[in-house]
Amino acid sequence: MLPRDRLLDLVWGEEFLGESRTVDVHVAKLRKKLKSCEAIVTVPKGGYLFEDDETAWEEQGKS
């Protein structure tokens, strides 16, 4: 999981003066372009998590 503030630093740099909602807007646009992408998971009050097919397969094996 990557917190919104960390994503801001990684993508826009530490000098960026915008807000963490910038990440939300870009993630929403990305989801729209990817047509109902379920791999990008929103972690409430946390950030975002990217689940690829391998991650989902590993989790199924644990249960």
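**Exercise 1. Determine which residues line the largest pocket, and which elements supply them.**

*Solution.* The lining of the largest pocket consists of Leu-2, Leu-7, Val-11, Trp-12, Val-23, His-26, Val-27, Leu-30, Ile-40, Tyr-48, Leu-49 and Phe-50. The structure examined here and below is a predicted model. Next, assign the residues to elements: α1 (4-12), α2 (21-33) and β3 (47-50) each give two or more residues to this lining. The largest share, four residues, comes from α2. Finally, the space in the largest pocket amounts to about 220 Å³.

**Exercise 2. State how many nonpolar, polar and charged residues the lining of the largest pocket has.**

*Solution.* Sorted by class, the lining has 11 nonpolar residues, one polar residue and no charged residues. Among the residues to be sorted are Leu-2, Trp-12 and His-26. Leu and Trp count as nonpolar, whereas His falls among the polar residues.

**Exercise 3. Place α2 within the secondary structure of the protein, and compare its reach with the expected span.**

*Solution.* The protein has three helices and three strands. Along the sequence they follow the pattern β-α-α-β-β-α. Helix α2 contains 13 residues, and the distance from its first C-alpha to its last is 19 Å. At 1.5 Å a residue, 18 Å is expected, and the reach of α2 is close to that value. Just after α2, Lys-35 has a positive phi of about 55 degrees.

**Exercise 4. Identify the buried residues of α2 and explain why they lie on the same side of α2.**

*Solution.* Begin with the buried residues of α2, which are Val-23, Asp-24 and Val-27. They lie on the same side of α2 because they cover an arc of only 100 degrees around the axis. A general property of helices is relevant here: an α-helix has 3.6 residues a turn, so residues three or four places apart point the same way. Then consider the other side of α2, where Arg-21, Lys-32 and Lys-33 are exposed. As a last step, ask what covers the buried residues of α2: the cover includes α1, β2 (40-43) and β3.

**Exercise 5. Decide whether Asp-24 is buried or exposed, and name the residues that Asp-24 touches.**

*Solution.* Asp-24 belongs to helix α2. A residue is buried under 20% relative accessible area. Asp-24 counts as buried because its relative accessibility is 11%. Leaving aside residues up to four places away in sequence, Asp-24 touches Arg-4 and Tyr-48. Tyr-48 also appears in the lining of the largest pocket. For the protein as a whole, buried residues make up 19% of the 63 residues.

Terms used. Residues are numbered from 1 along each chain as its sequence is written. This is a predicted model: local features need pLDDT of at least 70, side-chain atom pairs count only at pLDDT 80 or more; totals for chains, interfaces and linings use all residues. Side-chain values use heavy atoms; hydrogens and water are left out. On a 1 Å grid over the protein atoms alone, a cavity is a set of points where a 1.4 Å probe fits but cannot get out, and a pocket is an open set with protein on both sides within 12 Å along at least five of seven lines; lining residues have an atom within 4 Å of a point. Grid points are joined across faces, edges and corners, and a volume is the space filled by probe spheres set on the points. The expected span of a helix is 1.5 Å times one less than its number of residues. Buried means under 20% relative accessible area, exposed over 50%, partly exposed in between (1.4 Å probe, protein chains only). The arc is that of the directions from the helix axis to the C-beta atoms. Contact means heavy atoms within 4.5 Å.
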